[in-house]
Amino acid sequence: MLDDILNKEDLSKEEIITLLSLDNKNDQQKLFDRANELRLLYCGEEVHLRGIIEISNICEQNCVYCGLRADNKKLERYRMTPEEIIETAKNISNLGIFTIVLQSGEDCHFDSDIISYLIYQIKQKANVAITLSLGERTFEEYRTWKIAGADRYLLKHETANKLLYEKYHFKQQLSERLEHLKFLKSIGYQIGSGSMIGLPMQTIEDIADDILLCKTLDLDMAAFGPFISSPDTPYQNFNSGSAELTLKTMAVARIVLKKVHIPATTALDTIDSIGREKGLSAGANVVMPDLTPFPYRSNYQIYPNKRGSLDDPTVSTASLQKRIEALGRKISSKRGDSLKMDFEHTV
Ligand code: SAM
Ligand code: SF4
């Protein structure tokens, strides 16, 4: 019966739940192997690197799970200057990484003009794709940044369960987040979304809904990382999510979503010392190294003990490349645009 489900073209919610519930190690390995086979078919052997610059840890939101939430007064806050950001982007492209992700809390200091300036300057100096991950911003801002040259937007839906979404976010609604994602797609962004695995009160049914929601949204990238309990947040005493369930979710997502980029996340690598390797062998084809420079990188504390947060970014990129190559995989020298686009930008 397992083989039948693994080889089906379209999976029902019940079948997705069956796969997510597999607890026998041999069965789980079959699931991971099937996802790996489909990853090879749809994405090939190349792993795309996306270099993240965490441009500010200042946030106006209060997501209950996140260490950057506005009410966390213990965190030392920072904002990188435009010059530092542009210089870091140039350094990242010199490392042979052709996507720059500008990520931050919801920090309105980085307004329409400043982000447009950053996009323009980075594009002038480096031949890279730009992903924005700045939280929920206005539709006007999204439009301006697209015109300025942004390529992609990453905005996770976090959970497809409307009631849980409201519990986690107070002011924000799931319906609004989905409207933002649809708008971003409609104006030409390649969109990334996804959810956290192992959030307090989340069920396996919710995770099945997360995967199905990613299918409805027709995402270009789907990211699933474990929830990691973070001090000085209302959820500090809850258990973190497990690597096992995260890996099963990624594998099922590959089977259901097919031609989509799936990252092996830093959060997975934080809770499992070989999380990247396991993720890349269970359907993932993307890695998003944190390349924020010192002294800022250790203060982007979404959750504690983030893997690599004390390492020199250049050294950690070299070690990451070795880990990927040890799996027999190759680092891509392309931008790694959407697998749904019928052309690929060359660098
Ligand atoms: N502020 C932007 C946003 O929310 O989209 C971008 C930065 S936010 C820190 C990036 C992602 O971190 C979120 O989408 C969320 O999934 C993840 N995150 C936040 N708190 C986390 C936690 N405690 N464990 C694991 N991931 C977490
Ligand atoms: Fe802010 Fe993003 Fe963290 Fe929410 S997840 S508190 S929006 S940084």
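## Close-up views of the cavities, ligands and two unusual backbone spots

**View 1. The largest cavity in this predicted model has a volume of about 940 Å³.** Which residues sit closest to its centre? Of the 40 residues that line the largest cavity, look for Gln-103, Lys-156, Glu-158, Tyr-300 and Ile-302, which are the closest to the centre. Zoom out for a moment and you'll have other holes to look for, since a search of the whole structure turns up three cavities of 30 Å³ or more.

**View 2. Strands and a helix help to build the wall of the largest cavity.** The strands β2 (51-56), β3 (99-104) and β7 (221-226) each give at least two residues to the lining, and so does α11 (266-271). Which element supplies the largest share? That's β7, with four residues. If you sort the lining of the largest cavity by class, you get 22 nonpolar, 10 polar and eight charged residues.

**View 3. Ligand 1 takes up the space of the largest cavity.** There are 16 residues around ligand 1, and the ones that come nearest are Tyr-65, Ser-104, Glu-158, Ile-228 and Ile-302. Glu-158 and Ile-302 may ring a bell: both are also among the residues closest to the centre of the largest cavity. By class, the shell around ligand 1 holds nine nonpolar, five polar and two charged residues.

**View 4. Ser-104, Glu-158 and Ile-228 each place a polar atom close to ligand 1.** Start with the side chain of Glu-158, where a polar atom lies 2.6 Å from an oxygen atom of ligand 1. At Ile-228, it's the backbone you want: one of its polar atoms is 2.8 Å from a nitrogen atom of the ligand. Ser-104 also uses its backbone, with a polar atom there 2.9 Å from a nitrogen atom of ligand 1. How much of ligand 1 does the protein bury? Taken alone, ligand 1 exposes 550 Å², and the protein buries 90% of that.

**View 5. Ligand 2 sits in the largest cavity too.** Around ligand 2 you'll find three cysteines, Cys-59, Cys-63 and Cys-66, together with Gln-61, Leu-68, Arg-69 and Gly-105. Sorted by class, this shell has four nonpolar residues, two polar ones and one charged.

**View 6. The second largest cavity has a volume of about 130 Å³.** Its lining is made of 17 residues, and those nearest the centre are Arg-50, Thr-131, Arg-152, Gly-192 and Met-221. Three strands each supply at least two residues of this lining: β3, β5 (152-154) and β6 (190-197). You may remember β3, as that strand also gives at least two residues to the lining of the largest cavity. The lining of the second largest cavity splits into six nonpolar, seven polar and four charged residues.

**View 7. A cis peptide bond links Phe-294 to Pro-295.** Omega is about 0° here. To find the spot, follow the loop between β8 (286-287) and α13 (313-326), where Pro-295 is located.

**View 8. Lys-258 has a positive phi without being a glycine.** Its value is near 60°. Where along the chain should you look for Lys-258? Check the loop between α10 (243-257) and α11. Why point out these last two spots? Because most residues other than glycine have a negative phi, and most peptide bonds are trans.

Definitions and conventions:
Residues are numbered from 1 along each chain as its sequence is written. Chains are lettered from A and ligands numbered from 1 in the order in which they are written. This is a predicted model: local features need pLDDT of at least 70, side-chain atom pairs count only at pLDDT 80 or more; totals for chains, interfaces and linings use all residues. Side-chain values use heavy atoms; hydrogens and water are left out. On a 1 Å grid over the protein atoms alone, a cavity is a set of points where a 1.4 Å probe fits but cannot get out, and a pocket is an open set with protein on both sides within 12 Å along at least five of seven lines; lining residues have an atom within 4 Å of a point. Grid points are joined across faces, edges and corners, and a volume is the space filled by probe spheres set on the points. Ala, Val, Leu, Ile, Met, Phe, Trp, Tyr, Cys and Pro count as nonpolar, Asp, Glu, Lys and Arg as charged, and the others, Gly among them, as polar. A residue is near a molecule or strand if one of its heavy atoms lies within 4 Å of it. A polar contact is a pair of N or O atoms within 3.5 Å; within protein, one must be able to donate a hydrogen and the other to accept it, and residues adjacent in sequence count only if both atoms are side-chain atoms. Accessible areas come from the Shrake-Rupley method with a 1.4 Å probe; for residues, only the protein chains shown count as cover. A molecule sits in a cavity or pocket if more than half of its atoms lie within 2 Å of its grid points.
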